[in-house]
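Here are a few worked exercises on reading contacts out of a model. Grab your viewer and try each task before reading its solution.

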Amino acid sequence: MISLQSESAISEKATLSELKNRIRELENLETELKATQALLEDEIQWRRMLVEESRDPIVILDEKGKVVEANQRFAQMLGFTMDEVRNLYAWDWDALLSKEQILKLIKEVNHHGALFETVHRRKNGALLDIQLSNNGGVYRGRKLIFCICRDITWKKRADKEREALINQLQESLSEIKTLRGILPLCSFCKKIRDDKGNWEQVDIYIDKHSQADITHSVCPECLKKHYPEEFEYILSHQKKE
């Protein structure tokens, strides 16, 4: 970078050549300053794209776990204002990791980063399942941790519901296969043999292997055989009607 010369560098009786050189130096300095300003503006725009306008909640921590910076999405996710977030430490919102565990992770994380799941607590006490992606680096002589916090609460809930549905379907399929299979039925007492070799009454077997409700009744043939008087009474009553 071209540095400014002191005023004493130009004599009171400066020649035209010296003045031209001085003007050239100032023009070069102005050009360099404009280039530096353009770089700074690019860096600011790049930072805004990465952090402030990111769709993901982002927070930057120092080596003590305190918030250095965060974007609006992070504050909204936790239900805090930006001013409140800047006064927080990581253990103020992490509901799964202790202060000691967080400080240990901060100490160990490097530029290779880490990816894991944790739980964040909102200001109102509600819990969020979070996929945390972070990277460590040194900026202006101090270690900072760049954290991207993705809310996966809906995904975890959907996974649990899908798993419960799969289990339910598997149980139903097992029951259907059991009822569709060939059932060993005793020719005399009409008991059914289960997979363990035990013989059970038909109603008990169906109750165990299906969701059907069993109710007992008497068919006309059995009613005539075992209760002839009642059968004749019912028959005569039906004929009158």
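**Exercise 1.** With which residue does Arg-86 form a salt bridge, and how far apart are the closest N and O atoms?

Before solving, some ground rules. This is a predicted model, where local features need pLDDT of at least 70 and side-chain atom pairs count only at pLDDT 80 or more, while totals for chains, interfaces and linings use all residues. Residues are numbered from 1 along each chain as its sequence is written, and side-chain values use heavy atoms, with hydrogens and water left out.

*Solution.* Step one is the criterion: a salt bridge needs a side-chain nitrogen of Lys or Arg within 4 Å of a carboxyl oxygen of Asp or Glu. Step two: Arg-86 passes that test with Asp-83, their closest N and O atoms being 3.3 Å apart. Step three is accessibility (buried under 20% relative accessible area, exposed over 50%, partly exposed in between, using a 1.4 Å probe and protein chains only). Arg-86 comes out partly exposed at 39%, and Asp-83 exposed at 56%.

**Exercise 2.** Take the salt bridges of Glu-108 and Glu-117, and work out what each one connects.

*Solution.* Start with Glu-108, which forms a salt bridge with Lys-104 at 2.6 Å between the closest N and O atoms. Both sit in helix α4 (helices are DSSP runs of H or I, at least four residues, and strands are runs of E, at least two, numbered from the N terminus). Because they are four residues apart there, about one helical turn separates them.

Next, Glu-117 meets Lys-156 at 3.1 Å, N to O. Glu-117 lies in strand β3 (residues 114-121) and Lys-156 in helix α5 (residues 153-180), so this pair ties together parts 39 residues apart in sequence. Glu-117 is partly exposed at 43%, and so is Lys-156 at 28%.

**Exercise 3.** How many aromatic pairs does the structure hold? Classify each by its geometry.

*Solution.* Rings of Phe, Tyr and Trp (its six-membered ring) pair if their centres lie within 6.5 Å; planes under 30 degrees apart are stacked, over 60 edge-to-face, and the rest tilted. That gives two pairs. Phe-74 and Trp-93 are edge-to-face, with 5.2 Å between centres and 75 degrees between planes. Phe-74 belongs to helix α2 (residues 72-78), while Trp-93 is in the loop between α3 (82-85) and α4 (99-108), 19 residues apart. Phe-74 is buried at 0%, as is Trp-93 at 3%.

Now the other pair: Tyr-89 and Trp-91 have ring centres 5.2 Å apart and planes at 20 degrees, so they are stacked. Here Tyr-89 is partly exposed at 30%, and Trp-91 is partly exposed at 22%.
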